[in-house]
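Student: I would like to take a close look at a single part of this protein. Could you pick one strand, walk me through its surroundings, and then follow the contacts outward from there?

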Amino acid sequence: MKIRIAPSILSADFANLAPQVHLLEAGGADYLHLDVMDGKFVPNLTFGPPVVKSLRRVTGLPFDVHLMVQEPEHFLEPFTDAGADILTVHAEVCPHLYRVVQSIKGLGLRAGVALNPATPLHVMEYVLDQVDLVLLMTVNPGWGGQAFIQQVCRKIEKMRRMIDDSGFKVELEVDGGINLSTIESVVAAGADSLVIGSALFKGADLAGMVREYRKTAEKVCCIHRRKVDEF
């Protein structure tokens with residue numbers, strides 16, 4: 001089964017966004033990863049529901065919306081209405097995480113929970129049976145183009161074991177510093193889905209880059225005899 005490739009438009013050319021999204025589609029991208037930042041939880045501002053709604057008109061790719069915001073519960077319905085398919089919130093800003101996850105699922109979307117590099121995995125213990133996706137940050141969120149934090153690979157391995165031991169069907173996604181040099185580490189550690197931003201968009205051939213990342217990921221799966229579930 002294939003590793004899922006989720007290009008992050010954080011590194012895209014926003015003046016040329018629709019054509020770039022079409023190239024990502026042509027390359028076989030699985031998701032479009034949409035990084036929403038509020039300038040509070042992370043030191044950056046990006047975009048809101050209007051941009052997502054505009055993109056929804058030009059692509060059929062599933063929208064993997066990553067809410068790097070405080071009080072994400074206020075943003076669930078607006079992004080659902082804009083066309084999101086997956087809504088991922090950060091455990092660090094959700095004192096009532098179970099309730100937020102249930103709210104997302106009640107809207108008919110897949111629910112994800114993201115963890116920053118230094119956030120321990122035990123916060124997932126009592127919601128793992130409710131979530132569809134766990135997103136492990138391999139950089140500190142807020143900016144594209146950061147260096148991969150190698151120590152998080154141990155965390156990916158532990159999360160993979162936690163998911164497998166639970167028996168629940170939960171997708172394991174990684175985000176931050178993913179490139180052709182780091183892809184082997186995260187796939188071998190157990191990642192199912194790869195969010196790729198600056199390393200993907202710096203190339204001239206977007207469709208070709210998506211195919212190259214998939215080829216590399218599948219080679220790693222073959223070497224390590226990993227089976228990846230469909231979602």
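Tutor: Happy to. Let us start with a pairing: strand 2 (residues 32-37) and strand 3 run parallel and are joined by six bridges. Please keep in mind that this is a predicted model. Within that pairing, Leu32 has Phe63 of strand 3 as its bridge partner. Between the two strands the chain passes through helix 2 (residues 49-56), and this β-α-β crossover is right-handed.

Strand 3 is the part to look at closely. It spans residues 63-68 and is mostly covered, with six of its six residues buried. In a regular strand, side chains alternate between the two faces of the sheet. Here Phe63, Val65 and Leu67 point one way, while Asp64, His66 and Met68 point the other way, and all are buried. The charged Asp64 and the hydrophobic Met68 therefore share a direction, and both count as buried. 

On its other side of the pairing list, strand 3 is joined to strand 4 (residues 86-90) by four bridges, and these two strands also run parallel. Val65 stands opposite Leu87 of strand 4. The connection has a helix in it again: strand 3, helix 3 (residues 76-82) and strand 4 make a right-handed β-α-β unit.

Now back to Phe63, where strand 3 begins. Arg56 lies over the face of the Phe63 ring, at 3.7 Å from the ring centre. Arg56 belongs to helix 2, which covers residues 49-56 and lies on the path from strand 2 to strand 3.

From there we can turn to the aromatic rings. How many aromatic pairs does the structure hold? It holds one. The partners are Phe14 and Phe47, a tilted pair at 6.0 Å centre to centre with 45 degrees between the planes. Phe14 sits in the loop between strand 1 (4-7) and helix 1 (17-26), and Phe47 sits in the loop between strand 2 and helix 2, so the pair ties together parts that are 33 residues apart in sequence. Phe14 is partly exposed, because its relative accessible area is 40%. Phe47 is buried, because its relative accessible area is 9%.

What about the cysteines? The count of disulfides comes to zero. Cys153 is in no disulfide, and the nearest cysteine sulfur, that of Cys221, is 14 Å away. Cys153 is buried, with a relative accessible area of 9%. Cys94 also counts as buried, at 7% relative accessibility.

Finally, there is the loop between strand 5 (110-115) and strand 6 (133-137), where Asp132 lies. Asp132 counts as buried because its relative accessibility is 17%, and the cut-off for that label is under 20%. The side chains of Asp132 and Lys105 are joined by a polar contact of 3.1 Å. Pro120 is found in that loop too, between strand 5 and strand 6. Pro120 is partly exposed, with a relative accessible area of 40%. Pro120 and Lys155 are 35 residues apart in sequence, and their C-alpha atoms are 8.6 Å apart in space.

To return to where we began, strand 3 has parallel partners in strand 2 and in strand 4, and six of its six residues are buried.

Definitions and conventions:
Residues are numbered from 1 along each chain as its sequence is written. This is a predicted model: local features need pLDDT of at least 70, side-chain atom pairs count only at pLDDT 80 or more; totals for chains, interfaces and linings use all residues. Side-chain values use heavy atoms; hydrogens and water are left out. Buried means under 20% relative accessible area, exposed over 50%, partly exposed in between (1.4 Å probe, protein chains only). Two strands pair if DSSP finds at least two bridges between them. A crossover is right-handed if, with the strands pointing away from the viewer, the path from the first strand over the helix to the second runs clockwise. A disulfide is a pair of cysteine sulfur atoms within 2.5 Å. Rings of Phe, Tyr and Trp (its six-membered ring) pair if their centres lie within 6.5 Å; planes under 30 degrees apart count as stacked, over 60 as edge-to-face and the rest as tilted. A charge sits over a ring if NZ of Lys or CZ of Arg is within 6 Å of the ring centre and within 35 degrees of the ring normal. A polar contact is a pair of N or O atoms within 3.5 Å; within protein, one must be able to donate a hydrogen and the other to accept it, and residues adjacent in sequence count only if both atoms are side-chain atoms.
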